[in-house]
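Q: I am just starting out with protein models, and I would like a close look at one single part of this one. Could you walk me through it?

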Amino acid sequence: MVAKVLAKSLSYTVVCPYRALLEIAFGYRPPETEEMKAGEELHRRLGFDNEITFSKDIEIYTIIGKPDKIGDEIQELKTTRHYSRKDIPEYVIEQATTQLGIYLWLTGRVKGRLLIYSMTRDAFIYECKVLPLSDDDIVKLLDKAFRGQQTKNSDVCEKCYLNPICKNRSLVSYCVWT
Ligand code: SF4
């Protein structure tokens, strides 16, 4: 059996493995909000609108992902209402960097760039180079995701759309491991 795993869901393992597990095993996805629609519109306006989906097999999994922009380098754009980089929590950068690292692994490219755009300032406020993940890195992420440990970071939980489901963790655990 080959299980399909979205790169974005897998990348949340570095923030909360339990969120990654719920998305991978149960297909949960964040509800579409007005904020998300505004972000998507901005992606189109700035040309971060690649439509090509990539996939690659590893062990029993097929990892699937659609990078925002493909050129000399693979670019990932994140939008925010924050005014400057110092206001953005580190876990947001870590998740985005991991997502892009997976995209580089998926596409076989070596150069990646993460960009963050402030919708409040209407300006880019951060960019950094990102390197590809290795096969070992991907397997480690998958192992960690399927262990499903919940994060202890209350700031992450406060903003997480899965918060109500987490209260019923015993039910979900029963479904996964029996
Ligand atoms: S509410 Fe917290 S522990 Fe639960 S899935 Fe979201 S981030 Fe993870």
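Where is the place of Thr53?

A: Happy to help! Residues are numbered from 1 along each chain as its sequence is written. Please keep in mind that this is a predicted model, in which local features need pLDDT of at least 70, side-chain atom pairs count only at pLDDT 80 or more, and totals for chains, interfaces and linings use all residues.

Thr53 sits in the loop between helix 3 and strand 2. Here helices (H or I, at least four residues) and strands (E, at least two) are DSSP runs, numbered from the N terminus. Thr53 counts as exposed because it has 11 C-beta neighbours inside 10 Å. For that label, a residue is buried if 20 or more other C-beta atoms lie within 10 Å of its own, exposed if 12 or fewer, and partly exposed in between, with C-beta atoms placed from the backbone. As for distance, the C-alpha atoms of Thr53 and Gly112 are separated by 17 Å, and these two residues are 59 residues apart along the chain.

Now look at one side of the loop. Helix 3 covers residues 34-45, and its 12 residues should span 16 Å at 1.5 Å a residue; the end C-alpha atoms are 17 Å apart, which agrees. The expected span of a helix is 1.5 Å times one less than its number of residues. Helix 3 is hardly covered, for the count of buried residues among its 12 residues is 0. Gly47 follows helix 3 and has a positive phi, near 85°.

On the other side of the loop comes strand 2. An open sheet is formed by 3 strands in the order 1-3-2, with mixed pairing. Strand 1 (3-6) and strand 2 (54-58) are the edge strands, so called because each pairs on one side only. Two strands pair if DSSP finds at least two bridges between them. In general, strands of a sheet pair through backbone hydrogen bonds, either parallel or antiparallel. Strand 1 and strand 3 (residues 61-65) pair in the parallel sense over 4 bridges, and one example is Ala3, whose bridge partner in strand 3 is Tyr61.

To put the picture together: Thr53 is an exposed residue in the loop that lies between helix 3 and strand 2, with a hardly covered helix on one side and an edge strand on the other.
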